[in-house]
Amino acid sequence: MADETPSWQQGNAGAQQADAGPLAFARAYADLPLPADLNWLWTFGAVLVAILGLMLASGLFLALTYTPDAGLAFSSVESIERRIPYGWLLRAMHMTGASFCMAALYVHILRGLYYRAYLPPRRAVWGTGCALMAMLMITAFAGYVLPWGQMSYWGADVAGRAVATLPLVGGWLGRVVLGGDSPGTATLHRMFVLHFALAFVIVGAIALHVAVLHKRGSSSPSGQQPTARGGMLPFHPYFTARDMLAVVLVALAFVLVMGLWPELIAEPANYRPANPLHTPTDIEPEWYFLPFYGMMQVVPDQLGGVLLAGGAVAMLFAVPWLDRGGRVGERAAVRLLALALLVGAAVVAACAGRHHAQGAWLLAGRVAIGVYYAYFLLFLPWLGGQGLPLTQDDEEKETCA
């Protein structure tokens, strides 16, 4: 019947709305049935949306004054902080938001890995989420180049040389990224357009991600797919209240870091204008790129390092096919231990990158890479082989529109 409550598998797609428009969409969104056992880790999706909204709003205001020119970029940023009313606050919010956004994104991804939220019928949800992660990483890097401080300049130089090592198209692609043989005004124009345009693409990708989530249904900590009405709760007010509380708590931490501990996210060398004639002794990216930077450094071949770092991200896209298990709730302790080793490997790789893979850090970084890739190439296939095999119904749900 038209007025029946949609099942949890159908999400909003099963509801036949008598009217249309924003109000009908809001009602359908509020009535979306979700598993009653969702825990606080599921609030990081709402936290990400809130942070991205703040980033978009502050970025639009910053773009009104910023000048993407090698001779003027640094001074335009200084002008924003010193002359524009509350410009210092806008830039501080934007810088802090980048770190908090990536931290929330990593927690969101780790939650999906632990609870195996990528299994059918939610492969498309996982795929759109990984695509969003890749776009956010590219946007964050482009934004890091824009202030045109010492770390910005040499970060762009390292990225350009890394891309240039790719076979066949590397030289051409490196010149496309930098706009020449070395970073300059053309690089800033490209990074500014990329940073600005991708921000709006990400907004559309979030809408697609949420739409696919509502179509496929949310995963559950128990790994079961509740069908009884007693096992489901509407999104509002049960989950909206918790999401808003999580956003408030993160906002408090956000203000504390921005106001009291800005050195946790700011690089002092980037407050000096770019100098192509002086290479900093310690070139390192933001903390959220350090694991990949470490992977690039622990192998002697530059191309091998680039492939290892890129493969670390690409592995996430392949997760739904590496793990084909059926029982999510089983072996929780084993999954938690494996995930802890994965996080530990990323932290060790980050430390190796920060210490430029010298001495004992070189060996530690190589071991960390082995552990990282072993999680995806060995543990997930083993875990998938231990559970119940996927049924034909699961595969059909995955391929159905």
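Rings of Phe, Tyr and Trp, the last represented by its six-membered ring, are taken to pair if their centres lie within 6.5 Å, and planes over 60 degrees apart count as edge-to-face. In the predicted model described here, a search of the whole structure on this basis yields 17 aromatic pairs. The rings of Y114 and Y115 have planes at 75° and centres 4.7 Å apart, so their arrangement is edge-to-face. Y114 counts as buried, at 17% relative accessibility, and Y115 is likewise buried, at 12%. An edge-to-face pair is also formed by W148 and Y153, with 5.4 Å from centre to centre and 75° between the planes. Relative accessibility is 5% for W148, which counts as buried, and Y153 is buried with a relative accessible area of 7%. Further along the chain, one aromatic cluster is made up of Y372, Y373, Y375, F376, F379 and W382.

Aromatic rings also face charged groups. The ring of Y114 lies beneath the charged end of R335, which sits 4.8 Å from the ring centre. In a second case, R242 is placed over the face of W40, at 5.7 Å from the centre of the ring.

Side chains of opposite charge can pair when their charged atoms come close. The search of the whole structure finds 5 salt bridges. One of them joins D323 to R116, with 2.8 Å between the closest N and O atoms. Because D323 belongs to the loop between α11 (302-322) and α12 (332-354) and R116 to the loop between α4 and α5 (123-145), this pair ties together parts 207 residues apart in sequence. D323 and R116 are both buried.

A salt bridge within a single helix is formed by R161 and D157, at 3.0 Å from N to O. Both residues lie in α6 (residues 150-164), 4 residues apart, or about one turn of the helix. R161 is partly exposed, with a relative accessible area of 42%, whereas D157 counts as buried at 12% relative accessibility. In the salt bridge between E284 and R354, the closest N and O atoms are 3.5 Å apart. This pair links distant parts of the chain, with E284 in the loop between α9 (235-260) and α10 (290-297) and R354 in helix α12, 70 residues apart. E284 counts as buried, at 11% relative accessibility.

Polar contacts were examined at S99, a residue of helix α4 (residues 87-114). S99 is buried, with a relative accessible area of 4%. Its side chain is joined to that of W287 by a polar contact of 3.1 Å. Apart from neighbours within four places in sequence, S99 is in contact with I265, W287 and Y288.

Conventions. Residues are numbered from 1 along each chain as its sequence is written. This is a predicted model: local features need pLDDT of at least 70, side-chain atom pairs count only at pLDDT 80 or more; totals for chains, interfaces and linings use all residues. Side-chain values use heavy atoms; hydrogens and water are left out. Rings of Phe, Tyr and Trp (its six-membered ring) pair if their centres lie within 6.5 Å; planes under 30 degrees apart count as stacked, over 60 as edge-to-face and the rest as tilted. Buried means under 20% relative accessible area, exposed over 50%, partly exposed in between (1.4 Å probe, protein chains only). A charge sits over a ring if NZ of Lys or CZ of Arg is within 6 Å of the ring centre and within 35 degrees of the ring normal. Helices (H or I, at least four residues) and strands (E, at least two) are DSSP runs, numbered from the N terminus. A polar contact is a pair of N or O atoms within 3.5 Å; within protein, one must be able to donate a hydrogen and the other to accept it, and residues adjacent in sequence count only if both atoms are side-chain atoms. Contact means heavy atoms within 4.5 Å. A salt bridge is a side-chain nitrogen of Lys or Arg within 4 Å of a carboxyl oxygen of Asp or Glu.
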